[in-house]
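Below are some notes on strand pairing, offered for your review of the model. Please read them alongside the coordinates.

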Amino acid sequence: PLSVIVDQRDRLIVADNRNHRVVILDQTGSWLFIINGNVNSIQDFRCPYGLALDPQGNIHVAACGSNTIKVFTPEGAYVRSYGDVKGPSGIVIDEAGYSLVNEITGNCLSIFDPQGKKVHTVSNIIDPNGVILDPKSRSLCVAIIRAGMVLKYSV
């Protein structure tokens, strides 16, 4: 697994990168269901890397091997895709529904509006990996894997 988040129902949502799926577990670790990305359809994704929840509780999957973000309902139904991104690795969504996506092979951070339209790109961030948003301090922190450091931005 490459990332894990907890939803509003206290379920664990796990990006199972090697098996090309997202696993949903209950509080005890028992399997509830999987979102299988290794299928030949519009919901296809390879190498799920980052996970985030939007204000409605939908699951956003940064599919590094598919160069896109896939959105699923809390029950696992496919909603839509967005983003023409290069190796999305980390993703975080703010309270207004804007997605901030690290592009590990694009060496940038892209910002998408709630409808999935790219509205801004911060370039020259070499090997961005994880990303978090601290709503209290309004800070965005980006882990830079090769440099072994974290960049902090005020937003």
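1. Two strands are taken to pair if DSSP finds at least two bridges between them, and strands (E, at least two residues) are DSSP runs numbered from the N terminus. This is a predicted model, in which local features need pLDDT of at least 70, side-chain atom pairs count only at pLDDT 80 or more, and totals for chains, interfaces and linings use all residues. Residues are numbered from 1 along each chain as its sequence is written, and side-chain values use heavy atoms, with hydrogens and water left out.

2. Strand β13 (residues 128–134) pairs with β14 in the antiparallel sense over five bridges, and Asp134 has Ser139 of β14 as its bridge partner. The two strands form a hairpin with four residues between them, where Arg138 in the turn has a positive phi of about 55°.

3. On to the next pairing: β14 is joined by six bridges to strand β15 (residues 149–154), and the two run antiparallel, with Leu140 standing opposite Tyr153 in β15. This hairpin also has four residues between its strands, and Gly148 takes a positive phi near 65°.

4. Five of the six residues of β14 (residues 139–144) are buried (under 20% relative accessible area, 1.4 Å probe, protein chains only), so this strand is largely enclosed by the rest of the structure.

5. An open sheet of four strands follows the order β5-β6-β7-β8 with antiparallel pairing. Because β5 (48–53) and β8 (78–82) stand at the edges, each with a single partner strand, one side of each is left without a neighbour in the sheet. Within this sheet, β5 pairs with β6 (residues 59–63) over five bridges, and Ala52 stands opposite His60 in β6.

Key
Buried < 20%, exposed > 50% of the residue type's maximum accessible area, 1.4 Å probe, protein only.
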